[in-house]
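Subject: Structure for your review

Dear colleague,

Please find below the structure I am handing over to you. My findings follow it, and I would be grateful if you read them with the coordinates open.

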Amino acid sequence: MARVLCISTRSTPVETLSLLSHQVTLAQSSEAALRELDSCDVAVVDARDDLAWARSVATTLRAARQEAALLLLVPVNALALLSREWGLSDFVADGSEPAEFDARIRLLVRPQDAEVLVAGPIRIDEAAYHATLAGDPLDLTYTEFELLRYLMQHPGRVLTREVLLSQVWGYDYFGGTRTVDVHVRRLRAKLGQYDYYIATVRNVGYRFTSAREVRE
């Protein structure tokens, strides 16, 4: 069970949290959240009613505690607006199943000393900034490495091209979403027979998966 701080303009915590086995505390302002921040494992910032307010809260909390675990609850139509500048640890889309919400929380409270990502033959050593495929070095550009790492950090999650642009290329990148497709194509080529780990979700984006799926 995690200690969850829910920061929301509403008078009650996010409804989904009441369905989970976590200890939930409510704060309705940045000031109140700062007083509770040191005693929580995860801070959930509710952006459903006011996106600008939620961004202000998130950046304030991040400035106050660099290591804070910040999870943003965001409307689906606002996903493209997220960026590194928000200072988020992760996000979950409004309307997600309770199990997805719970998984996001549990991932944020797990020990942070694990710096190796592994999926079948694909292995990323974050500390060494090194990737291997079936034990052999995987020659990736900086952007390809960051793209693969972000996909592996969110297994099973559908990631839109806009989200990938903001999280991998950065909020100030002015290129179009076509850039994502080009880099995914190059990354798949380097994965060779294991290219199916990056699945296409038609008309939406991509998902990191261990199952073979139909691709565009």
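I begin with Arg149, a residue of helix 4. Please note that the model is a predicted one. Arg149 has a relative accessible area of 17%; since residues under 20% count as buried, Arg149 is buried. Setting aside residues up to four places away in sequence, its contacts are Leu117, Ile124, Glu126 and Tyr129.

The sheet comes next. It is open and consists of four strands in the order 6-7-8-9, with antiparallel pairing. Strand 6 (116-119) and strand 9 (136-137) are the edge strands; each has a single partner strand, so one side of each has no neighbour in the sheet. Helix 4 packs on this sheet and touches strand 6, strand 7 and strand 8. The direction of the helix makes about 105° with that of strand 7. Within the sheet, strand 7 (residues 122-125) and strand 8 (residues 130-133) run antiparallel and are joined by four bridges. In one of these pairings, Ile122 has Leu133 of strand 8 as its bridge partner.

Helix 4 also meets helix 6 (residues 178-191): the two axes come within 10 Å and cross at roughly 85°. Angles of 65 to 115 degrees count as roughly perpendicular, and helix 4 and helix 6 are therefore roughly perpendicular to each other. On the side of helix 4, the contact is made by Thr143, Glu144, Leu147 and Leu148. Helix 6 contributes His183, Val184, Arg186, Leu187 and Lys190. By character, the residues of this contact comprise four nonpolar, two polar and three charged.

Finally, I turn to the nonpolar cores. The largest has 51 residues, and those with the most contacts inside it are Ile7, Leu72, Leu148 and Phe208. Helix 4 (residues 142-153) supplies the largest share of this core, namely six residues. Leu148 therefore deserves a second look, as it belongs to the contact between helix 4 and helix 6 and to the residues with the most contacts in the core. Ile7, leaving aside neighbours within four places in sequence, is in contact with residues including Ala27, Ala33, Val45, Trp53, Val57 and Leu61. A second, separate core has 15 residues, among them Ala2, Val14, Val44 and Val92. Of these, Val44 is also one of the contacts of Ile7.

Yours sincerely,
A colleague

Technical notes
Residues numbered from 1 in each chain as written. Predicted model: local features only at pLDDT ≥ 70, side-chain atom pairs only at ≥ 80, totals over all residues. Heavy atoms only, no water. Core = buried A, V, L, I, M, F, W, Y, C linked by side-chain atoms within 4.5 Å. Buried < 20%, exposed > 50% of the residue type's maximum accessible area, 1.4 Å probe, protein only. Helix = DSSP H or I, 4+ residues; strand = E, 2+ residues; numbered from the N terminus. Contact = heavy atoms within 4.5 Å. Pairing = 2+ DSSP bridges. Axes fitted to C-alpha atoms, helices over the stretch in contact; angles between N-to-C directions. Parallel < 35°, antiparallel > 145°, perpendicular 65-115°, else oblique. Nonpolar A, V, L, I, M, F, W, Y, C, P; charged D, E, K, R; others polar.
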